[in-house]
Amino acid sequence: MTTDTVNESLDDAHNDDHHDHKMTGIKRWLYTTNHKDIGTLYLWFSFIMLLTGGALAMVIRAELFQPGLQIVEPDFFNQLTTTHGLIMVFGAIMPAFTGFANWMLPMMIGAPDMALPRMNNWSFWILPFAFAILIGSFFMESGAPNFGWTFYAPLSTTYSNGSTAFFVFAVHIMGISSIMGAINIVVTIMNLRAPGMTYMKMPLFVWTFFITAYLLIAVMPVLAGVVTMLLTDTYFGTSFFDAAGGGDPVMFQHIFWFFGHPEVYIMILPAFGIVSTIIPAFARKKLFGYSSMVYATASIALLSFIVWAHHMFTTGMPLFGELFFMYCTMLIAVPTGVKVFNWVATMWRGSMTFEMPMMFSIAFVILFTIGGFSGLMLALTPVDFQYHDTYFVVAHFHYVLVTGSLFSIYAGAYYWLPKWTGHMYSERLANWHFWCSLISVNLLFFPMHFLGLAGMPRRIPDYALQFADFNKWVSIGGFAFGLSQLIFLAVVIKCIKGGEKAPAKPWDGAEGLEWTVASPAPYHTFSTPPALEEDKA
Amino acid sequence: MHTGTEQKANNQDKRSDNGKVTKKLVLIVFAMFGFGFALVPLYDVFCDITGLNGKTNGVGVVYADDGIDTSRTVTVQFITRSAKAIPWQFEPVINEIKVHPGEMKFVNFYAKNESQRAIVGQAVPSVSPGIAAGYFQKIECFCFTQQPLQAGEEVEMGLQFYVDLELPEEITTLTLSYTLYDISDKADS
Amino acid sequence: MSRSNQRWLLGAWLCFGGLLSSTAWADSQLNLTKGVTAVSREVYDLHMLVLYICTAIGVIVFGAMFWSMAFHRKSKGAKAADFHESTKVEILWTAIPIVILISMAVPATSTLIDMENNNNSEVTIQITGSQWKWHYKYFDQGIEYYSVLSTPREEYENQNGTFEGNGNAKGENYLLEVDKPLVIPANKKVRFLITSDDVIHSWWVPAFAVKQDANPGFINEAWTKVDVPGVYRGQCAELCGKDHGFMPVVVEVKSEQDYDAWLNEQHALIAQAADAEKASLDATMSKDELMQLGEATYMAHCAACHQPTGLGLPPTFPALKDSIVATQGSIAEHISLIENGKGMMPPFGKQLSLKEIAAVVTYERNAWGNDTGDLVQSSDVKAASGE
């Protein structure tokens, strides 16, 4: 495509926007190029996926409620854990952050829309097809993918149940969607900032999404590459990962985790951005150490490229390899620590109030840090030999992804709901949602640490009797946490339908351009770039 | 404040900028897709250098006659394993051998096709500890080629090797494992 | 914090406290095992060290946070201070964590070096993972055997009642017991060479702090030196397909004399088995005998995939009931399939005796309404494979 045609297509898109002929009904959503509409689509999609993945988790927890095979066959159990992981990672967490980026980035940097609105529409609308294929595979003869979300070869190639092709196709589409979304974010931030907003004056939220988008652009193609190799190994006779043909199954893990570890940060850096926006607002005090936060985020992103093999300590690495990856992994604790200390320092001697966004942010800081501690423990190679592939790991990544990423998404949702809907949410319902979630999520994931230490491997449909007590409590916590998320649905629906009218800036400590426009945000904002106050940092 | 025309010009600049940045990013995407595949040969190079995974040389080396270090003795053990679905008996004739670094040795492996059809086998070598793999030099090995055996046919297959003089001091035992695979479907015809 | 928030918080603490004091935790192990080797104790100490350090950091950081939440709140009239950076403090809290990390890295490095030192072992054992059992082969001893889950299917399919309904429905070592455990001597350095026949498995015994992946086509090394004789249990730790949860590792550590006695006994048993194999060639078994032995063999080795009902789990694991192989196909082909395997089906020729193969073929051709009436004897199996 030449530059000219790119320009022309962009021109068209912009014209659509500027003539405010809004379509109605389903067409509005199908053809929309408006960043707010697309943001809304992403957020609803991700919530539906959260409930879908959650439903699968409920079946898993029901099976594990007590020893013995109760309700599902072992092979179907593997299909459940695999699709649960894939849906939560690629369907719930990542699209939710893309939704935030779409809604908030243009408003935060004073841009009229995302830079590539038509591509924006595409990047969302191919996503439902990817998940239709993935979830649809449950109803096909092969069954759904059953080789774990990490799809280690040769279990996913020579020994797969025949779902590999669907799986690869679905992952390709998800990857293309994420890449398009990420390109859009980078171009928007680079080109559409309001005059005077230099890089070091951008809100930290914008910085984290900027860095995350670069990570996505760098590693999603590697994922596409590795699933392509998987496909040719399974169906076209290549031997990338097959020892018989001169390949190596361990190489699969190296390439997968070269994608996989940055992927982990793709799911947590935006969370840092959201929390760094909310804590100063409710502590009524500027974010402590803005520039060190930026550098910490960047160094976490860079380090993420040289620690991948800490997922593979038991695969048989030479000693110096184990030492190198152990030291690098431990180093990540430094910038992550800086972030946590900065949040605490922001709260220190502030003037705090505890509205729902703040409650979720505080829960995030504490529980994410607990996940960070177990991460540090896992970094130490000798003890990792004991923790690896046990419930200790399951506890670790659910603490960082559920009470980390998901809680930050809730914090952000409560923070911006007034801006999105024009109404305040019901404080009472929100309190129910928060406290039920907080208690149940800890009941769900904390005992998993004990299960892992006591020796329960992950991904097993049945377990020895000494694990029975904890599993029962974990399952109860799981059901409670699952149900609690329906309260959030009620909060949102109630908030859309009505409620107390929200002012343009409902939080007195909040800063940022998004609060200078009315609530709900008009369909088009910042058609003329806003003037920045000189002292805004 | 911007006037109307100024702003329009400004917007056009931005749009052509968008195109440029997008192009660059798409290039990065394709480069990284390529990089994913480039990791395959890179990984092999990495394994060669570090001995990761105990990979050994796939073509014969020339025996470097640099003398024999009789002050050291290394035990070389041989183990075998037939992968699933290859009905061959496959065993080392001797289980272990003591060698001095630099000394050339010749050992045999016995294979018999116990099935009633012709099968092409391929033995895949792996050395442990992995760090020693780079010092285990095969001059001639049956694993360099495919082994077709008729139904019931038996054969003794040779391996000629030496252990490099540079082998790190702390390594006293070295294990060479062969896994045998049925590659009749993929074999060169 | 608003009054309503305080009420919520109180409720939350009461719930949580109630759970923690619950007696349900009584029998459950909370912490990592100390294990029975020098290495496993080092690992345990390292684990405790990091745990204590993390707890201390947690107390300080969360303490500071709760302090400011309690005292620096608007409802108490706190006015926000103005500071938002301090190079000194930021350098400090970058440097201190680095020092703490180094203090953890030093013992971790030395433990790791110990773990990776595979030299001077006295016993070498080749361990092969296979869907879904372990194979042990004693180097230079001519002893090799498969080790398969021995928990009866009735237990994990809840046929004797569920766990809740009847505490005795599952045995003490439910899912952690095998027919033939790995036997190793105490106080000797034992080296494991680990590989796999199919997918990746991982051989794990927590009490030894040994967990090593079994990669198809490659070997991995690990070692242990156990101080205390006893029986130690672990599990496969890498997802390896359907029955990943059903391939335990059991290791019986014997004193040196007992171990030597065990070796002799094994050699004697191998000789006996060879005799029995010869004897079975001349024997003719009745249909009842064949069906009985066939059913037992089928349940132990075939039912995991082809299911006790013979219906299999298509498309991966085909049905045997009414199948061509077990009804119309020739007996010789049927025998050859079991002996040599095909595709995902492993070969059983080395795992089963002639008698067992004869019995299981008979069983498959007559059970579940297949009713071919075919009887297969050991001599038929010998003849089929010897052709």
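This briefing looks at chain B, its interface with chain A, and one helix of chain C. The model is predicted, so to speak of local features a pLDDT of at least 70 is needed, side-chain atom pairs count only at pLDDT 80 or more, and totals for chains, interfaces and linings use all residues. Residues are numbered from 1 along each chain, chains are lettered from A in the order in which they are written, and side-chain values use heavy atoms, without hydrogens and water.

**Chain B**
- Chain B holds 1 helix and 9 strands (DSSP runs: H or I of at least four residues for helices, E of at least two for strands), and the helix comes before the strands from the N terminus on.
- Of its 189 residues, 48% are buried, meaning under 20% relative accessible area with a 1.4 Å probe, protein chains only.

**Where chain A meets chain B**
- Chain A brings 49 residues to the contact and chain B brings 34, with contact meaning heavy atoms within 4.5 Å.
- Between them, the two chains bury about 3400 Å², 71% of it on carbon and sulfur atoms; this is the accessible area (1.4 Å probe) lost on being put together, summed over both.
- A:Asn191, A:Ala244 and A:Met251 supply 14% of the area that chain A buries here, more than any other three residues.
- The rule finds 0 salt bridges across this interface (side-chain nitrogen of Lys or Arg within 4 Å of a carboxyl oxygen of Asp or Glu).

**Helix α3 of chain C**
- Among the buried residues of α3(C) are C:Trp93, C:Leu101 and C:Met115.

Terms used: Buried < 20%, exposed > 50% of the residue type's maximum accessible area, 1.4 Å probe, protein only.
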